[in-house]
Amino acid sequence: QVGEEAPVRAAWLRLPELTLEPLEQVYRRTGDRTYRYESRAGRPDDPFAVELAVDGEGFVTHYPGLWQAEETAIEPAVDHGMAGPGRSRGR
C-alpha cells in the first residue's frame, strides 16, 4: 500500500576490489507506481535516495540520473503466415 515501507538486504559488489558485502536498503511506496529507494552504502550520515518509477508489473522503468526504459509494453509476436529472410513457415 502507498505509505508502507520494507527493509531489504542485498549483495553489494565493490569494484575494483571485487569484495561482496551486505547492503541494507529501504523501499517505501510513495504512489501507485513510484517507490522511494534509500541506501546508506558506506554513507551513514548521508544516505542515497531516489524516487523510482515502475510499470504495472512492478519492474523499474525510470531510475533518475541513471537510466529510463524506452518502451514499457512488450507485445507478443504475431505470425501472419508470411515468411521473410531468416524466417520459416514451419507448421
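1. For what follows, a polar contact is a pair of N or O atoms within 3.5 Å; inside the protein, one must be able to donate a hydrogen and the other to accept it. The side chain of Asp55 meets that cut-off with the backbone nitrogen of Glu57, at 2.9 Å. Asp55 belongs to the loop between β4 (48-54) and β5 (60-63). What I'd look at here is the charge: Asp55 is buried yet has no salt bridge, and the nearest side chain of opposite charge, Arg33, sits 6.5 Å away. A salt bridge would need a nitrogen within 4 Å of a carboxyl oxygen.

2. A word on confidence, since this is a predicted model. The chain averages a pLDDT of 82, and 75% of the residues score at least 70. Over residues 83-91, though, the pLDDT is below 50, and this stretch has 5 contacts in the model beyond near neighbours in sequence. Where pLDDT is low, the predicted coordinates should not be read in detail. Among the elements, strand β3 (residues 34-39) has the highest mean pLDDT, at 95, and strand β6 (residues 67-68) the lowest, at 91.

3. On to the overall layout. The protein chain has 6 strands and 0 helices, so the pattern along the sequence reads β-β-β-β-β-β. Of its 91 residues, 14% count as buried. Among contacts between residues at least 6 apart in sequence, 12% join residues at least 24 apart.

4. Which residues make up the largest nonpolar core? There are 5: Leu23, Tyr37, Val50, Leu52 and Tyr63. Leu23 also touches residues outside that set, among them Val8, Arg9, Ala10 and Trp12; leaving aside residues up to four places away in sequence, its contacts include Tyr37, Ser39 and Ala41 as well.

5. Tyr37 turns up again with Gln25, a residue of strand β2 (residues 19-31). Is Gln25 buried or exposed? Gln25 counts as buried because its relative accessibility is 9%. The Gln25 side chain makes a polar contact with the side chain of Tyr37 at 3.2 Å. Beyond residues up to four places away in sequence, Gln25 touches Ala6, Pro7, Val8, Ala10, Tyr37 and Glu38.

6. The loop between β1 (5-14) and β2 deserves a look at its backbone. Pro16 is in this loop, and the peptide bond from Leu15 to Pro16 is cis, with omega near 5 degrees. Leu18 lies in the loop between β1 and β2 too; although not a glycine, Leu18 has a positive phi of about 60 degrees. Most residues other than glycine have a negative phi, and most peptide bonds are trans. Leu18 is exposed, with a relative accessible area of 59%.

7. Finally, the charged pairs: the count comes to 5 salt bridges. Arg9 and Glu24 meet at 2.6 Å, N to O, linking distant parts of the chain, with Arg9 in strand β1 and Glu24 in strand β2, 15 residues apart. Arg9 is exposed at 62% relative accessible area, while Glu24 is partly exposed at 43%. Arg14 forms a salt bridge with Glu21, with their closest N and O atoms 3.1 Å apart; Arg14 is partly exposed at 28%, and Glu21 counts as partly exposed at 29%. Arg36 and Glu38 pair up at 3.4 Å, N to O. Of these two, Arg36 is partly exposed at 32% relative accessibility, whereas Glu38 is buried because its relative accessible area is 19%, and the cut-off for buried is under 20%.

Note on methods: Residues are numbered from 1 along each chain as its sequence is written. This is a predicted model: local features need pLDDT of at least 70, side-chain atom pairs count only at pLDDT 80 or more; totals for chains, interfaces and linings use all residues. Side-chain values use heavy atoms; hydrogens and water are left out. pLDDT is the predictor's confidence in each residue, from 0 to 100. Helices (H or I, at least four residues) and strands (E, at least two) are DSSP runs, numbered from the N terminus. Contact means heavy atoms within 4.5 Å. A nonpolar core is a set of buried Ala, Val, Leu, Ile, Met, Phe, Trp, Tyr and Cys residues joined through side-chain atoms within 4.5 Å. Buried means under 20% relative accessible area, exposed over 50%, partly exposed in between (1.4 Å probe, protein chains only). Lys and Arg count as positive and Asp and Glu as negative; His and the chain ends are not counted.
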